[in-house]
Amino acid sequence: RQTPVTGVAARHLNGYMLDLSGVVIGDLPYLPGDFSHVTAINLSRTYMSQQSVSALVTKCPALCWLNAENNFLSVVPAGIRNLRQLTRLTLANNRIVLTGDMVQTFRRLPSLRLLNLERNPIGPLLDVSGMPQLLNLFLRATGIQDAPAGVFEIPNLMALDLRGNRITTLPDAFFESPGAVRHTLLDGNPLSAGTQARISAL
């Protein structure tokens, strides 16, 4: 269903939301027509293939918000790479293992402020050093052993969720970054005694 953006989202978006959440679709048939007025899409629990997600979002050049969580995606849909206005990307609870090409796809999104990859087995390749505009990064239960490269150099980061991972140590940049302790969630990690002592001393 397609509806005008309402509620809290209306403060941030114009245009229309395409809400297919909970509608089991699988492979999406070809969609003719103009979708340039769509600025938000919710594909949660649609079980769409990455090819179908890519085909849909490429028809929505003004897309700002994309929610494709709770599916069985194993890759980041390649179709997002040219979404210059995308600010929020939620891919939580899928099966995504990041490759270098997928990381480059994230870097091609100059407006991205929120990236949610929680509950994906993302692997060790996430590098956000080329994403200085990020404000929120959610990586809970992704199995990572280290914080992503560059994350503590992001100047205006407001929320970093690293809970439930395998992190034992943190880079010096964490301890040198003003406010990193306040905006980083680390519960459920096997932090070494030395790391815990350094955090407590801040």
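**Leu98 and its neighbours**

I started at Leu98 in this predicted model. Leaving aside residues up to four places away in sequence, I found Leu98 touching Val76, Val103, Phe106, Leu117, Ile122, Leu125 and Leu126.

I then asked which residues touch the most other members of the largest nonpolar core. Leu98 is one of them, together with Ile41, Leu89 and Phe106, in a core of 54 residues. Four elements, β3, α1 (50-57), α2 (100-107) and α3 (172-176), each supply at least two residues of this core.

**The overall fold**

Next I stepped back to the whole chain. I counted five helices and nine strands, and noted the order along the sequence as β-β-β-α-β-β-α-β-β-β-α-α-β-α.

For the dimensions, I put the C-alpha atoms in a box along the principal axes and got roughly 60 × 30 × 30 Å. The radius of gyration is 18 Å, which agrees with the value near 17 Å that a compact globule of 202 residues would have.

As for burial, 48% of the 202 residues count as buried. Among contacts with a separation of 6 or more, I noted that 42% join residues 24 or more positions apart.

**The largest pocket**

Then I went looking for open space. The largest pocket has a volume of about 160 Å³. Three strands give two or more residues each to the lining of this pocket: β3 (38-42), β4 (65-67) and β5 (88-90).

Which element gives the most to the lining? My note says β4, with three residues.

I wrote down the full lining as Met17, Ile41, Asn42, Trp65, Leu66, Asn67, Glu69, Arg88 and Thr90. By type, the lining divides into four nonpolar, three polar and two charged residues. Ile41 caught my eye here, since I had met Ile41 already among the core residues that touch the most other members, and Ile41 also lines the pocket.

**Two positive phi values**

Last, I checked the backbone angles. Most residues other than glycine have a negative phi, so I looked up the exceptions with some curiosity.

Tyr47 has a positive phi of about 60 degrees and is not a glycine. I located Tyr47 in the loop between β3 and α1. Is Tyr47 buried or exposed? Neither quite fits: Tyr47 counts as partly exposed because its relative accessibility is 34%.

Asn70 is another non-glycine residue with a positive phi, near 60 degrees. Asn70 lies in the loop between β4 and β5. At 23% relative accessibility, Asn70 also counts as partly exposed, with the cut-off for buried being under 20%.

Methods:
Residues are numbered from 1 along each chain as its sequence is written. This is a predicted model: local features need pLDDT of at least 70, side-chain atom pairs count only at pLDDT 80 or more; totals for chains, interfaces and linings use all residues. Side-chain values use heavy atoms; hydrogens and water are left out. On a 1 Å grid over the protein atoms alone, a cavity is a set of points where a 1.4 Å probe fits but cannot get out, and a pocket is an open set with protein on both sides within 12 Å along at least five of seven lines; lining residues have an atom within 4 Å of a point. Grid points are joined across faces, edges and corners, and a volume is the space filled by probe spheres set on the points. Ala, Val, Leu, Ile, Met, Phe, Trp, Tyr, Cys and Pro count as nonpolar, Asp, Glu, Lys and Arg as charged, and the others, Gly among them, as polar. A nonpolar core is a set of buried Ala, Val, Leu, Ile, Met, Phe, Trp, Tyr and Cys residues joined through side-chain atoms within 4.5 Å. Buried means under 20% relative accessible area, exposed over 50%, partly exposed in between (1.4 Å probe, protein chains only). Contact means heavy atoms within 4.5 Å. The radius of gyration is taken over C-alpha atoms; the globule rule is 2.2 Å times the number of residues to the power 0.38.
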